[in-house]
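Me: I have a model open and want to go through its contacts. Can we start with one side chain and work outwards?

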Amino acid sequence: MGLLTILKKMKQKEKEVRLLMLGLDNAGKTTILKKFNGEDIDTISPTLGFNIKTLEHRGFKLNIWDVGGQKSLRSYWRNYFESTDALIWVVDSADRMRLNDCKKELHALLVEERLAGATLLVFANKQDLPGSLTAKEIREALDLDSIKTHHWLIQDCSAVTGDNLLNGMDWVVNDIASRIFTMD
Amino acid sequence: MSSNGNNHLQSAMDSNDDGIEDMDFSHGDHFEEEDLAMGASSKDSGFDSVIGHIEDIIMEESFQSTQNGFLEKYYTEFEDTEENKFCYTDIHKEYISLIETYLDSELKKRIPDFSMPEFSKQLQERRKELEGEIFEILLTFSDFMAFKEMLLDYKADKEGKTIDLSGGLTVMPVQEKLSLDGDSPFCVSGKSLHGP
């Protein structure tokens, strides 16, 4: 490891965390990111690369990385695992057809060595859509109860209305804080 | 890189905890000097001298031209849009590696027995007291957003000049071409940019 990499790891500022937001395409990752940031969400097109936003939340600096979810792009996800404090897995709760695909992709991530120790927040998004599954149904469909390797929480939400986005983020920040910053 | 790197850092930290310095005895002269000076002050001056050399190195013209060569090679890949292309990540990695290799080889030229692992250990010991512009600069090298901004600034400079030179010519075909290229998330030019 070279000098710059060493310095970066050493000087990671207090109260600064890195969140990696992944999920199948059309789950609403970029919409969540923009909603958080108070931006217009009417003209969002499919992400073909990645977006980064830095937000302040309750005294924490959150660096959120949102990476495109199309099938052909998922092999790039691993380039963004390094130093991730929390994985935010976004689910389109109305997309019943792809729940199995969604489950497989999530569980594949959980065995990644570089994501070991990361907090897992599952956003059961699109609760504003008629016919969307509840958080409890998503929890069963994704077999979340089998996860023993990560702290996890599932939060129902709507990126469009903004409902419960902050609840989820509060939990993530609290969980990371109790894990990392109390060690100093 | 990650797991080895972490182990390395971890072992460097472990050796601090027990209060005993692991010294590199492979250089006879170095050992004599440390022994006579009884540790701390000599080690501080050694550390400070490395920092001084790093400051010199990044101020020099040859560093600037190395950096400019890199910018020149890749600036056309970058576009002033919010969304980032995957290839930016590869280009940034290559940049970090270029700067690290450059610093390492320049330090070795100036300090014959320079050892990066040893210097890293010293950095670890001083992690709470690393203040000053030089550390901000070094951290900026590995910051992705700062890197993107540098490339876009360079691109704006270059393209500003291009427009000056082409005054009176129509630039429409160029714009069309740019917008076509812009639709692709992948880089279509430049070498050594591999997908996984």
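Reply: Start with A:Lys29. Its side chain reaches the backbone oxygen of A:Leu24 at 2.8 Å. That is a polar contact, meaning N or O atoms within 3.5 Å; within protein, one must be able to donate a hydrogen and the other to accept it, and residues adjacent in sequence count only if both atoms are side-chain atoms.

Me: What is the origin of the model, and how are things numbered and filtered?

Reply: This is a predicted model: local features need pLDDT of at least 70, side-chain atom pairs need 80 or more, and totals for chains, interfaces and linings use all residues. Residues count from 1 along each chain as its sequence is written, chains are lettered from A and ligands numbered from 1 in the order written, and side-chain values use heavy atoms, without hydrogens or water.

Me: Is A:Lys29 buried or exposed?

Reply: A:Lys29 counts as buried because its relative accessibility is 6%. Buried means under 20% relative accessible area, exposed over 50%, partly exposed in between (1.4 Å probe, protein chains only).

Me: Where is A:Lys29, and what does it touch?

Reply: A:Lys29 is in helix 2 (residues 29-36) of chain A. Helices are DSSP runs of H or I with at least four residues, strands runs of E with at least two, numbered from the N terminus. Leaving out residues up to four places away in sequence, A:Lys29 touches residues including A:Met21, A:Asp66 and A:Val90. Contact here is heavy atoms within 4.5 Å.

Me: Switching topic. Which side chain does A:Thr5 join across to chain B?

Reply: B:Glu100, through a polar contact of 2.7 Å between the side chains. A:Thr5 lies in helix 1 (residues 3-10) of chain A. At 16% relative accessibility, A:Thr5 is also counted as buried.

Me: How many aromatic pairs are there?

Reply: 21 over all chains. Rings of Phe, Tyr and Trp (its six-membered ring) pair if their centres lie within 6.5 Å; planes under 30 degrees apart are stacked, over 60 edge-to-face, the rest tilted.

Me: Why is the pair of A:Phe50 and B:Phe86 stacked?

Reply: The planes are at 20° and the centres 6.2 Å apart, so the pair is stacked. A:Phe50 is in strand 2 (residues 50-57) of chain A and B:Phe86 in helix 5 of chain B, so this pair joins two chains. Both A:Phe50 and B:Phe86 are buried.
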